[in-house]
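Dear colleague,

Please find below the structure for your files. My notes on it follow directly after.

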Amino acid sequence: MSDFAARARAALDERDISLRAAARAMHIDPGHLSRVLSGKRSPSPQLAEALDGLVGAEGALADLAATLDEDDRGRIAHSVAEPARVDLGTVRALADVLAAQRRLDDTLPATAMLPSTSAQWETVERLARDARGPHADALREVAAEWVQFVGWLHAEARNDADAVRWLTEAEDRADEVGSGELAAQAANFKGYLARRQGRPRAIVRWFSAAYYTPGAAPLQRVGDAVQAAHGYALLGERDAARRLLGEASDLVDEAGDTEAPGTAYWLSPTFSRMGMGLVHLALGEYAEAAANLRAGLDGLPSEQRHAEWSREYRDALEEARAA
């Protein structure tokens, strides 16, 4: 279920490292590495860490290898066979797998993540659909977040129609499980896609929807207000953009003592500075844009600084500096 082999192969392919070159670099037998990468053998912790270091996964690949032990695998298999008896251990194991996948997305491109993540989703969906008992609702919340993650990967990969379809389903599932945080994040991802498409009215529409979603976390609302302001700035509606920037600044104080929800683990007051930089760039305030973008990028954890999604902020910083 953790699919370490597929992720490790994708990471090596992405970096154009052959199996023999990887084995040579890690001083291990190529035949043994081949069996691990084909899924015929589980990696040792040492091998998982060596592969993680070789591909620069910042610990995410090693964490994925350690996510499920044999007991967890057996528990999930039993739950799939008898969904009426799904237990809390299965729910937690699946949540851990999803968390590890999301971390790995910070170091691997979406195109490398999608095949295995989508295949895993089929198992999660079948189990969530048929689950009964006291832990079924918790499992369906994990499934709702899984749908959202698949939608995000499609948005990152610019499979636009698929992204919209998955994210719309994610909004519906978030409502079914009563999670404002999940619903707001699905709308946020639609706003991200609109920004990639260069559609400022859609940027305002989706980030405003996320901003006003009941139950959204304070840190989510900070980011959504900033990004809706960016859409207004692109439309030339400067007063609306500045009003939302002011609201975001007020919300920072409210959000200061709160933690980001698990579905948006990357959020922080510093993270929102990148969005503020985009607003100032669209307003033609280049020095302010560069200062905010630099502060936001410097505040990212090391594994996120060169993530696929962070490229637009790095490009924006270069544009602000050159203006």
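The notes below cover the aromatic pairs, the nonpolar core and one helix.

This is a predicted model, in which local features need pLDDT of at least 70 and side-chain atom pairs count only at pLDDT 80 or more, while totals for chains, interfaces and linings use all residues. Residues are numbered from 1 along each chain as its sequence is written, and side-chain values use heavy atoms, with hydrogens and water left out.

Rings of Phe, Tyr and Trp (its six-membered ring) pair if their centres lie within 6.5 Å; planes under 30 degrees apart count as stacked, over 60 as edge-to-face and the rest as tilted. The count comes to seven aromatic pairs. Trp 152 and Tyr 192 form a tilted pair, 4.7 Å centre to centre with 50 degrees between the planes. Trp 152 lies in helix H9 and Tyr 192 in helix H11 (residues 180–197), so this pair ties together parts 40 residues apart in sequence. Helices are DSSP runs (H or I, at least four residues), numbered from the N terminus.

Trp 152 is buried, at 8% relative accessible area, where buried means under 20% (1.4 Å probe, protein chains only). Tyr 192 is also buried, at 5%. The rings of Phe 189 and Trp 266 are stacked, with centres 6.2 Å apart and planes at 20 degrees. Ring pairs link these four residues and Tyr 265 into a cluster.

The largest nonpolar core (buried Ala, Val, Leu, Ile, Met, Phe, Trp, Tyr and Cys residues joined through side-chain atoms within 4.5 Å) has 98 residues, of which Leu 51, Trp 146 and Trp 309 touch the most other members. Helix H9 (residues 136–156) gives the most to this core, with 11 residues.

In helix H8 (residues 110–130), the buried residues include Trp 121 and Leu 127.

Yours sincerely

How values were computed: Buried < 20%, exposed > 50% of the residue type's maximum accessible area, 1.4 Å probe, protein only. Helix = DSSP H or I, 4+ residues; strand = E, 2+ residues; numbered from the N terminus.
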